[in-house]
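Hi everyone, thanks for making time. I'd like to walk you through one structure today, so let me put it up on the screen.

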Amino acid sequence: MMPVTSLTVYTVPYCLDCGAVKHLLDRAGIPYREVDISRIPGSREALALLTGLRAVPQVFMGHQFIGQVAEVRYLVETGKLKEMLAAQDIAHPPHQEHSE
């Protein structure tokens, strides 16, 4: 079974900051789901309603906005992001399917 990916990174093509966030997460071995919002009408407006920001990348842990490049860099370099993810996994363990 694949691990549950609790990080979502909202991006657009040719975005240097988007590439920087993905590189930070890749280098730290933290799985994430990337959502390219460039072809989703109204997506920037929707993100602005959630975070107050229209700029990408935007990184969410579950439904919680955790930041953009600077915040993610800090969380990765201090180990806090892995701590947050571990705490989330303890609080919300992945659903296990039981076969009989």
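Let me begin with a term: a polar contact here is a pair of N or O atoms within 3.5 Å, and within protein one of them must be able to donate a hydrogen and the other to accept it. One such contact runs between the side chains of Asp 26 and Tyr 32, at 3.2 Å. Please keep in mind that this is a predicted model. Asp 26 sits in helix 1, which covers residues 16–28. Is Asp 26 buried, exposed or partly exposed? With a relative accessibility of 49%, Asp 26 counts as partly exposed, because the exposed class begins over 50%.

Now to the sulfur atoms. The model has 1 disulfide, and it links Cys 15 with Cys 18 at an S to S distance of 2.5 Å. The angle about the S-S bond is 75 degrees, and the link is right-handed. Both ends are buried: Cys 15 has 18% relative accessibility, and Cys 18 has 2%.

Cys 18 also brings us to Thr 11, since Thr 11 touches Cys 18. Thr 11 belongs to strand 1 and is buried, at 1% relative accessibility. Leaving aside residues up to four places away in sequence, Thr 11 also touches Glu 34, Val 35, Asp 36, Ile 37, Ser 38 and Val 56.

On to the nonpolar cores. Which members of the largest one touch the most other members? They are Leu 7, Leu 25, Ile 30 and Leu 81, in a core of 16 residues. Two or more residues come from each of strand 1, helix 1, strand 3, helix 3 (69–77) and helix 4 (80–91). Apart from this core lies another, of 8 residues, including Cys 15, Cys 18, Val 56 and Phe 60. If you would like one residue to click on, try Ile 30: beyond four places in sequence, Ile 30 touches Leu 7, Leu 25, Val 76, Leu 81, Lys 82 and Leu 85.

Last stop, helix 2. Across residues 43–51, this helix has Ser 43, Leu 47 and Thr 51 buried. Viewed down the axis of helix 2, the buried residues fall within an arc of 55 degrees, so they line one face of the helix. What covers them? Strand 1 (7–11), strand 3 (58–61) and strand 4 (64–67) are among the elements that cover the buried residues of helix 2. Just after helix 2 comes Gly 52, with a positive phi of about 85 degrees.

That's my tour, and I'm happy to rotate the view for anyone.

Definitions and conventions:
Residues are numbered from 1 along each chain as its sequence is written. This is a predicted model: local features need pLDDT of at least 70, side-chain atom pairs count only at pLDDT 80 or more; totals for chains, interfaces and linings use all residues. Side-chain values use heavy atoms; hydrogens and water are left out. A disulfide is a pair of cysteine sulfur atoms within 2.5 Å. Buried means under 20% relative accessible area, exposed over 50%, partly exposed in between (1.4 Å probe, protein chains only). Helices (H or I, at least four residues) and strands (E, at least two) are DSSP runs, numbered from the N terminus. The arc is that of the directions from the helix axis to the C-beta atoms. Contact means heavy atoms within 4.5 Å. A nonpolar core is a set of buried Ala, Val, Leu, Ile, Met, Phe, Trp, Tyr and Cys residues joined through side-chain atoms within 4.5 Å.
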